[in-house]
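Colleague: I have a model open and would like to learn how to read it. Could we go through it feature by feature?

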Amino acid sequence: MSNTSKNTTPPLLIVDGLTVDYGTKGVSLRAIHDVSFELRAGEAVALVGESGSGKTTTAMAIAGLLSPNARVAGGEVRYRGSPLPIDDDAAMRPHRWSETSVVFQGAMNALNPVHRIVNQIAEPCVLHGMSRAEAMARARELLELVGIPADRGAAYPHQLSGGMRQRVMIAMALACRPSIVIGDEPTTALDVINQAQVLKLLVDLRTKFNLALILITHDLSVVAESCDRVMIMYSGRIVEDGSVADIFAEPKHPYTRLLMDSIPNPAEGKRMLRPIPGDPPTLMKRPLGCAFHPRCPSAMAICATEAPHLNAYGKGRVACHLHNSLAPADKVSVNA
Ligand SMILES: Nc1ncnc2c1ncn2[C@@H]1O[C@H](COP(=O)(O)OP(=O)(O)OP(=O)(O)O)[C@@H](O)[C@H]1O
Ligand SMILES: [Mg+2]
């Protein structure tokens, strides 16, 4: 479990050994493996990693929104101490949107093109017990909250800009006053100006309502601006977890180090991304031992045979044999 927070209040959310498989053409493939972390009220945690590393699967599992071919093969998610029925869509309904909500990447796909946006924002409020009139008043209030004049609520999604549509998604996510908001690349589809504005909105609202935020992003500069903590995923596992300050100052895992090196550096006079050599493994062909070892500049013999556990290290956690030389008393394995 995370020991990165000094806060002693009980965690809002505990993800404990979460393991999810996808069934494809009669074959079951493991997408995430033994994912464990805690999230406290008001805490903003970034989930970072290359494409296919399991970020969306982790988020969807927490929100009980896994696709039909997914199966929770192990572990559980506890909210305020109680296990959530994450593999039962109907049973998750009372929880979803009122306790945990999600802002997806492509607002145009998530919004209904033939309904006025104010009605779409009111819908989750009605589903969670408000009268129609109360829900419409709340929807107008939410529009203003995300910086859209309430009168624009009569518009259809195609009549709004991409940035405004993403604001509508944020309004919908906040409609039932959740404690946790998951943003799955909420600004990726926007132009740079709108990206910055929508991110600022999310950060401001998080502070205003003391929301816990799980922010999935490829963009480490977004992490630095908006999160307290960062968890790095690789091939379905968390490989490093720590405060933004610690991980940016001194990444422990060689993969995290390479990710940090791949940030464009305007000071160098060029904005070239330095790609990490090699490709991430596929679900079909995951290397034995540490999944990162074929690409790792620091790989040792043990890395090819033994998967490292995610152990407490300093104020964070790291899954790497390079950092396994702790005194036994300091070693806390979350995967044991
Ligand atoms: N419904 C599905 N059926 C089969 N495999 C899936 C399904 N959804 C995701 N996967 C696979 O599971 C793995 C993890 O996918 P996931 O979408 O969680 O990754 P991600 O980290 O969010 O990637 P990205 O950055 O591209 O969004 C990938 O190999 C992906 O191809
Ligand atoms: Mg994803």
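**Reading the model, from sheet to ligand**

Modeller: Start with one residue pair: Tyr313 has Gly316 of β12 as its bridge partner. Keep in mind that this model is predicted.

Colleague: How many bridges join β11 to β12, and in which sense do they run?

Modeller: Count the bridges, then check the strand directions. β11 and β12 run antiparallel and are joined by 3 bridges.

Colleague: In what order do the strands of the open sheet come?

Modeller: Follow the pairing from neighbour to neighbour. The order is β6-β7-β8-β3-β9-β10-β12-β11, which makes 8 strands with mixed pairing. At the edges are β6 (100-103) and β11 (311-313), each pairing on one side only. From one strand to the next, the twist averages 25 degrees.

Colleague: Which strands does β10 pair with?

Modeller: Look to either side in the sheet order. Strand β9 (residues 229-234) is joined to β10 by 6 bridges, and the two run antiparallel. Strand β12 (residues 316-318) pairs with β10 over 2 bridges, also in the antiparallel sense. Glu240 shows both contacts: Glu240 is the bridge partner of Ile232, and Glu240 stands opposite Val318 in β12.

Colleague: Is β10 mostly covered or mostly open?

Modeller: Count the buried residues along the strand. In β10 (residues 237-243), 6 of the 7 residues are buried, so the strand is mostly covered.

Colleague: What should I look for in the hairpin of β9 and β10?

Modeller: Check the loop length and the phi values. This hairpin has 2 residues between its strands, and Ser235 takes a positive phi near 50 degrees.

Colleague: And which residue has a positive phi in the turn between β1 and β2?

Modeller: That residue is Lys25, with a phi of about 50 degrees. Here too, 2 residues lie between the strands of the hairpin. The strands β1 and β2 (residues 27-39) run antiparallel, with 9 bridges joining them. One pair to locate is Ile14 with its partner Glu38 in β2.

Colleague: Now the ligand. Which residues come nearest to ligand 1?

Modeller: List the shell, then rank by approach. There are 14 residues around ligand 1, and Tyr22, Ser51, Lys55, Thr56 and Thr57 come nearest. Two elements give two or more residues to this shell: β1 (13-24) and α1 (55-63). The most come from α1, with 3 residues.

Colleague: How do the shell residues divide by polarity?

Modeller: Sort each residue by class. Around ligand 1, 10 are polar, 3 are nonpolar and 1 is charged.

Colleague: Why is α1 described as largely enclosed by the rest of the structure?

Modeller: Begin with helix geometry. An α-helix has 3.6 residues a turn, so residues three or four places apart point the same way. Then count burial: α1 is largely enclosed because 8 of its 9 residues are buried. Among them are Lys55, Thr56 and Thr57, which are also among the residues nearest to ligand 1. Just past the helix, Gly64 has a positive phi of about 70 degrees.

Colleague: Last one. At what angle do α4 and α5 pack?

Modeller: Take the axis angle, then the distance. Helix α4 (residues 117-127) and helix α5 (residues 132-145) pack at about 125 degrees, with axes 8 Å apart. That angle makes α4 oblique to α5. Finish with handedness: their crossing is right-handed.

Key:
Residues are numbered from 1 along each chain as its sequence is written. Chains are lettered from A and ligands numbered from 1 in the order in which they are written. This is a predicted model: local features need pLDDT of at least 70, side-chain atom pairs count only at pLDDT 80 or more; totals for chains, interfaces and linings use all residues. A residue is near a molecule or strand if its C-beta atom, placed from the backbone, lies within 6 Å of it. Helices (H or I, at least four residues) and strands (E, at least two) are DSSP runs, numbered from the N terminus. Ala, Val, Leu, Ile, Met, Phe, Trp, Tyr, Cys and Pro count as nonpolar, Asp, Glu, Lys and Arg as charged, and the others, Gly among them, as polar. Two strands pair if DSSP finds at least two bridges between them. A residue is buried if 20 or more other C-beta atoms lie within 10 Å of its own, exposed if 12 or fewer, and partly exposed in between; C-beta atoms are placed from the backbone. Axes are lines fitted to C-alpha atoms, for helices over the stretch in contact, and angles run from 0 to 180 degrees between N-to-C directions. Angles under 35 degrees count as roughly parallel, over 145 as roughly antiparallel, 65 to 115 as roughly perpendicular and the rest as oblique. A crossing is left-handed if the near helix is turned anticlockwise from the far one by less than a right angle, and right-handed if clockwise.
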